[in-house]
Amino acid sequence: SIEKALFTLQHRGPESTGISVTDGATINTHKGKGLVAQVYSNPADTALLRGPMGIGHNRYGTDHAKKGHSPDDHIQPILDERNALALAHNGNLPDTTRLEEFLDNHGISCDNLNDSGMMHAAIAHNVKRGAPLEDAVSDVLPLFTGSYSLLVMDREKLIAVRDQRGIRPLAMGKLNDSRIFASETCALKIMDAIYDREVKPGEMVVTTRDGEL
């Protein structure tokens with residue numbers, strides 16, 4: 001399960017953890033501050049985390065919250081107000097100038113958005129305009145200056161993408177007919193998934209509940 005995978009990756013982020021799963025109609029999420037064993041200890045909190053696709057994230061802070069806001073605001077996965085778009089980001093964008101200009105030009109406030117939040121807001125803007133998820137993502141990738149391995153999921157598709165320099169790792173595996181992505185292969189092993197290969201620098205892999213596109 002995603003919980004088991006996150007447990008093996010706890011060393012990558014002891015600050016907080018979260019899981020988002022789509023059942024095809026909506027995206028259900030549970031996340032919180034603390035260790036994996038603590039955040040997912042109550043079965044009532046995780047009862048809705050069932051479905052054909054999901055993403056998880058363990059966070060360590062690389063960007064400080066803005067004055068007057070709590071770091072808890074940045075726990076991932078990041079969701080939109082309709083629970084229709086989830087994003088998990090491993091990495092850091094040291095220069096968000098172009099990204100902030102894009103959001104400002106489209107009337108989107110960057111208040112309380114760290115680099116991950118701005119990436120999500122840019123993709124969400126394109127989705128709201130009617131772009132397919134893969135186009136919504138690829139359109140704004142040139143605005144992301146820095147390191148990133150991203151998982152972006154709507155109700156029907158999951159996209160994995162890695163920055164052009166391949167600074168952050170992103171492994172691909174298979175479990176029966178399912179595609180699995182993880183920042184380290186130990187997460188694949190505990191899920192009994194077979195390691196396939198690394199997502200190539202600059203590559204975007206699109207999957208659906210029916211398989212890889």
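# Strands and helices, step by step

Strand E6 (residues 145-153) and strand E7 pair in the antiparallel sense, over 5 bridges. This is a predicted model, and the pair E6 and E7 is a good place to start reading it. Strands of a sheet pair through backbone hydrogen bonds, either parallel or antiparallel. Look for one pair of residues across the two strands: leucine 151 stands opposite alanine 160 in E7. Now follow the chain from one strand to the other. E6 and E7 form a hairpin, with 3 residues between them.

E7 has another partner. With strand E11 (residues 204-208), E7 pairs over 5 bridges, again in the antiparallel sense. Find alanine 160 once more: its bridge partner in E11 is valine 205. Alanine 160 thus links the two pairings, with leucine 151 opposite in one and valine 205 as its partner in the other.

How many of the residues of strand E7 are buried? In E7 (residues 157-162), 6 of the 6 residues are buried, so the strand is largely enclosed by the rest of the structure. Both faces of E7 are covered. On one side sit Lys157, Ile159 and Val161, and on the other Leu158, Ala160 and Arg162. All of these are buried, the lysine and the arginine included.

Step past the end of E7 and the picture changes. Arginine 165 lies in the loop between E7 and E8. Is arginine 165 buried or exposed? Its relative accessible area is 73%, so arginine 165 is exposed; the cut-off for exposed is over 50%. This residue also shows how folding brings parts of a chain together. Arginine 165 and serine 147 are 18 residues apart in sequence, and their C-alpha atoms are 7.8 Å apart in space. Serine 147 falls within the residue range of E6.

The loop leads on to a further sheet. This open sheet has 3 strands in the order E9-E8-E10, with antiparallel pairing. Its edge strands are E9 (178-182) and E10 (194-198), and each pairs on one side only. Neighbouring strands of this sheet are turned by 30 degrees against each other on average, direction ignored.

Take E8 and E9 first. Strand E8 (residues 171-175) pairs with E9 over 5 bridges, in the antiparallel sense. Methionine 172 stands opposite phenylalanine 181 in E9. Lysine 174 stands opposite arginine 179 in E9. The two strands form a hairpin with 2 residues between them. In that turn, asparagine 176 has a positive phi of about 55 degrees. E9 is an edge strand, yet 4 of its 5 residues are buried, and E9 is mostly covered.

Go back towards the start of the chain for another sheet. This one is also open, with 3 strands in the order E2-E1-E3 and antiparallel pairing. E2 (27-33) and E3 (53-59) are the edge strands, each pairing on one side only. The twist averages 5 degrees from one strand to the next. Strand E1 (residues 16-22) and E3 run antiparallel and are joined by 7 bridges. Threonine 22 has methionine 53 as its bridge partner in E3.

Now turn to the helices. Two packed helices are described by the angle between their axes and the distance between the axes. Helix H4 (residues 97-105) and helix H5 (residues 115-128) have axes that come within 10 Å and cross at roughly 45 degrees. That makes H4 oblique to H5. The crossing is left-handed. Which residues of H4 and H5 meet? Leu99, Glu100, Phe102 and Leu103 in H4 meet Asp115, Met118, Met119, Ala121, Ala122, His125 and Asn126 in H5. The residues of this contact divide into 7 nonpolar, 2 polar and 2 charged.

H5 has a second helix to pack against. H5 and helix H6 (residues 133-140) pack at an angle of about 135 degrees, with their axes 8 Å apart. That makes H5 oblique to H6. Here H5 passes H6 in a right-handed crossing. Ala122, Ile123, Asn126 and Val127 in H5 meet Leu133, Ala136, Val137, Asp139 and Val140 in H6. These residues divide into 7 nonpolar, 1 polar and 1 charged. Ala122 and Asn126 appear in both contacts of H5, with H4 and with H6.

Methods
Residues are numbered from 1 along each chain as its sequence is written. This is a predicted model: local features need pLDDT of at least 70, side-chain atom pairs count only at pLDDT 80 or more; totals for chains, interfaces and linings use all residues. Side-chain values use heavy atoms; hydrogens and water are left out. Two strands pair if DSSP finds at least two bridges between them. Axes are lines fitted to C-alpha atoms, for helices over the stretch in contact, and angles run from 0 to 180 degrees between N-to-C directions. Angles under 35 degrees count as roughly parallel, over 145 as roughly antiparallel, 65 to 115 as roughly perpendicular and the rest as oblique. A crossing is left-handed if the near helix is turned anticlockwise from the far one by less than a right angle, and right-handed if clockwise. Contact means heavy atoms within 4.5 Å. Ala, Val, Leu, Ile, Met, Phe, Trp, Tyr, Cys and Pro count as nonpolar, Asp, Glu, Lys and Arg as charged, and the others, Gly among them, as polar. Buried means under 20% relative accessible area, exposed over 50%, partly exposed in between (1.4 Å probe, protein chains only).
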